[in-house]
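Visitor: Hi, I have a structure open and I'd like a hand finding my way around. Can we just chat through it?

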Amino acid sequence: MGGGRWRRILSGLWRSIAVWAVSTVTMLVLAGALPDFQLQSDTGDSATRIAVTAVVGAGVFGLLSSLVWPLLVRALLLVPALVLGLLVFFLNGSLLLIALRINPSGRGEAAPETAVVVAAVMSAVASATGGALAVRDDDAYRRRLYRLADRRRRRTDGRSGPSTPAAVFLQLDGVGHDVLREAVGKGLMPTVAQWLGGGPAGTRATHRLTPWRTDWSSQTGASQLGILHGSNHDVPAFRWYEKDSHEVMVCNRPSSAAELQRRAVEYTGDGGLLSADGASRGNLFSGGADQLALVLSVSARRGRENRSRAGYLTYFIDPANAVRTAMSFVAEVFREITSSTRGRLEKRRPRVKRGGLYPLIRAFATVIERDVVVTAVIGDMLSGRSSVYADLVGYDEVAHHSGPRGRDAEKVLARLDRSIALIAKVADHAPRPYRIVLLSDHGQSPGETFLTRYGLTLTNLVRAGCGLPVPRRARRTHSGAEARAAVRAALRRPVEEGGAQHPPARHRSEPIVLASGNLGLISFPDVPHRMSREEIDRRHPALLSTLANHPGVGFLLVRSEEYGGLVIGAHGAEVPLDELDDEHPGPLADFGPGAADVVRRTHSFPHVADIMVNSWYDPAEGEVLAFEEQIGSHGGLGGAQGRPFLLSPVALSAPVEDGAELVGAEQVHHVLRRWLRECDGPQVPLPARPNERAA
């Protein structure tokens, strides 16, 4: 046995003894501080006997945590993931009670509720101690991360893995190009700043920052489908009504996500960006990857076909990990409640309601999903996987309710940077080089809601234009951020947005009105085809003029029997879509370059709505009016929502030539695919597997 191996064994033994000692001291301190936790008999014991009881109790608790906990977590994979996170405290407390019961001294005793507290504190202290000792030893640090990240993987039989570079794509959901630059300038993201050459004097930039422009539907469903599968054809919005199937498609609904992925695979003829030795983590779509964790398009599957929830096992199998995340979850809930209360007391504007289940949803997105996804990515890197694509949704969820540049959103950016730094550090210990690419799927545009400014929803405005009764009390529009679907999937509750959120029309002739950020879609379900402007005017003569002349509406898109696509603006402005371009933008003038092109492309989709409504946009302030209850929104045209970023290593080729612009998620897919070829990684596109075509 070589000297290096002996050193590693002794180093590991030293860390175990140190953690045991610290756990013993922690148990002694808690026994003195908590009245319902004691390590001596009622008649009293000597200090030596108390110390021995603590030493044995801490050791037994540590052994039970190491041996029994993984089995408990495997059994509890049948329990919803979010519930599992909340059960962590009680399970750890039960292990401590068992440790005290089987202690040979027979002196330990604790009330059940006290055992929960003691076990949580001991696990957190042990984890912190072990981590602090491990990071001083690079080999130990690498082994610890490997153990926590992916105990399920088996090493190859002594064979060395590939030495060619691989790629990790980290999607910072909803972080716009300008928001990223501002965060770097404020010192919120030092890791990203260093990559851009913002470190000490003489630091060379290792990455380049490139903005790109989304399609009209500036939301994760359209962008990520295009990025991972090479096509977002016929995805007009986050949610839309399909007349042929009489169904509302919603991008964060598992059944809809599975269908959209099937359509994209069929349309392109290949399995996706990750179809060769890839991993998909925390995404709406699989990208053709074989390794999945928290992927929505497969979350509705039952049995072995649903491998998405296995990511929870990888993370929660470590009791200290589970306790730390559970404690962070609780802290984040209180952080949100405090921030929301302060906002109400200070009467901040704009503001939306943040009560109900939202604090739990925010904590899930910013703590549980982040930790599980990051750990899965670390496991992928340490096992040498060729390509990884992961989505971190915390910023997007918080920015919807706190604003894209709010204090809460900035704190999330700072924590995301720490996750990026951890992944970058792991890359130093991976078995092959990794190119780390950061990107976003869209940005967010600020602004108060349509309801707040005008006192009515888009649905009620449409009903008024149709001459239909309008409720006296406006009904708030459901806000469908990606994290909500992830929470419901984790709880194993259906994410179907049915009658409660999109109630069926009272009569089939009444319109269905759906909102996707500041983009509205109006469909008449009793007409099997897309209605023309002329048909709409005959049925509801005042509807189009009511919408187009409302101050909260920017423009409408309809189909004209005479002109084809027709863009309608205020004061009678009507311009055929084919006549619009950047030099003659017509009603699209405020929405910037390329607006006519993306509207024209959406008009060609088979399932585009009868009337497409884009909200007003203020170019000076960058504000839009969301048709949902969000003060940071995305989904339509206008402002930062359509300007995400791509941060790539300079070792890879430039995304586009100098002076050119990167436009559309499908073009981003081709760029990422080119980079995988440069890494000598998976050669995509590859044919789709049979189960993907039939998904």
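**A walk through the model**

Guide: Sure. This is a predicted model, and a good place to start is an open sheet of six antiparallel strands, in the order β12-β13-β17-β14-β15-β16.

Visitor: Which strands are at the edges of that one?

Guide: Those are β12 (512-516) and β16, and each of them pairs on one side only. Going from one strand to the next, the twist averages 20°.

Visitor: And what packs on the sheet?

Guide: Helix α21, residues 595-603, does. It touches β14, β15 and β17 (611-615), and its direction makes about 40° with that of β14.

Visitor: Let's look at β15. Where is it, and how many of its residues are buried?

Guide: Strand β15 covers residues 564-568, and four of its five residues are buried, so you can call it mostly covered.

Visitor: How does β14 join up with β15?

Guide: β14 (residues 553-560) runs antiparallel to β15, with five bridges joining them. The two make a hairpin with three residues between them. If you want a pair to click on, R559 stands opposite G565 in β15.

Visitor: What about β15 and β16?

Guide: That pairing is antiparallel too, over three bridges, and β16 is residues 574-576. Here I568 stands opposite E574 in β16. This hairpin has five residues between its strands, and H571 takes a positive phi near 60°.

Visitor: OK, new topic. Someone told me to check E628. Where does it sit?

Guide: E628 is in the loop between β19 (623-624) and β20 (632-633).

Visitor: Is E628 buried or exposed?

Guide: Buried: its relative accessible area is 4%, and the cut-off for buried is under 20%.

Visitor: What does the side chain of E628 reach?

Guide: It reaches the backbone nitrogen of G517, at 2.6 Å.

Visitor: Now the other sheet, the one with eight strands. What's the order there?

Guide: It goes β8-β7-β9-β3-β10-β21-β4-β22, and that sheet is open with mixed pairing. At the edges you find β8 (291-293) and β22 (662-663), each with a single partner strand, so one side of each has no neighbour in the sheet.

Visitor: How do β3 and β9 pair?

Guide: In the parallel sense, over six bridges, with β3 at residues 166-172 and β9 at residues 387-392. One spot to look at is L172, whose bridge partner in β9 is L392. On this sheet packs α13, touching β3, β7 (278-281), β9 and β10 (434-439). The direction of α13 makes about 170° with that of β9.

Visitor: How do α13 and α15 sit relative to each other?

Guide: Their axes come within 10 Å and cross at roughly 15°. Angles under 35 degrees count as roughly parallel, so that is what we call α13 and α15. The crossing is right-handed. For orientation, α13 is residues 358-382 and α15 is residues 407-427.

Visitor: Which residues meet there?

Guide: From α13, they include R362, T366, R370 and V374, and the α15 side includes D408, V412, R415 and S419.

Visitor: Why would residues a few places apart point the same way?

Guide: An α-helix has 3.6 residues a turn, so residues three or four places apart end up pointing the same way.

Visitor: Tell me about V374. Is it buried or exposed?

Guide: V374, which lies in helix α13, counts as buried at 7% relative accessibility. Setting aside neighbours within four places in sequence, V374 is in contact with L392, S419, L422 and I423.

Visitor: How far apart are V374 and G282?

Guide: They are 92 residues apart in sequence, but 9.4 Å apart in space, C-alpha to C-alpha.

Visitor: Last one: helix α9. How many of its residues are buried?

Guide: 10 of the 10, covering residues 220-229, so the helix is largely enclosed by the rest of the structure. Among the buried ones are T220, L225, I227 and H229.

Visitor: What caps the N-terminal end of α9, and what follows the helix?

Guide: Q219 is the cap, with a side-chain oxygen 2.7 Å from the backbone nitrogen of G221. After α9 comes G230, whose phi is positive, near 80°.

Note on methods:
Residues are numbered from 1 along each chain as its sequence is written. This is a predicted model: local features need pLDDT of at least 70, side-chain atom pairs count only at pLDDT 80 or more; totals for chains, interfaces and linings use all residues. Side-chain values use heavy atoms; hydrogens and water are left out. Buried means under 20% relative accessible area, exposed over 50%, partly exposed in between (1.4 Å probe, protein chains only). A polar contact is a pair of N or O atoms within 3.5 Å; within protein, one must be able to donate a hydrogen and the other to accept it, and residues adjacent in sequence count only if both atoms are side-chain atoms. Two strands pair if DSSP finds at least two bridges between them. Axes are lines fitted to C-alpha atoms, for helices over the stretch in contact, and angles run from 0 to 180 degrees between N-to-C directions. Angles under 35 degrees count as roughly parallel, over 145 as roughly antiparallel, 65 to 115 as roughly perpendicular and the rest as oblique. A crossing is left-handed if the near helix is turned anticlockwise from the far one by less than a right angle, and right-handed if clockwise. Contact means heavy atoms within 4.5 Å.
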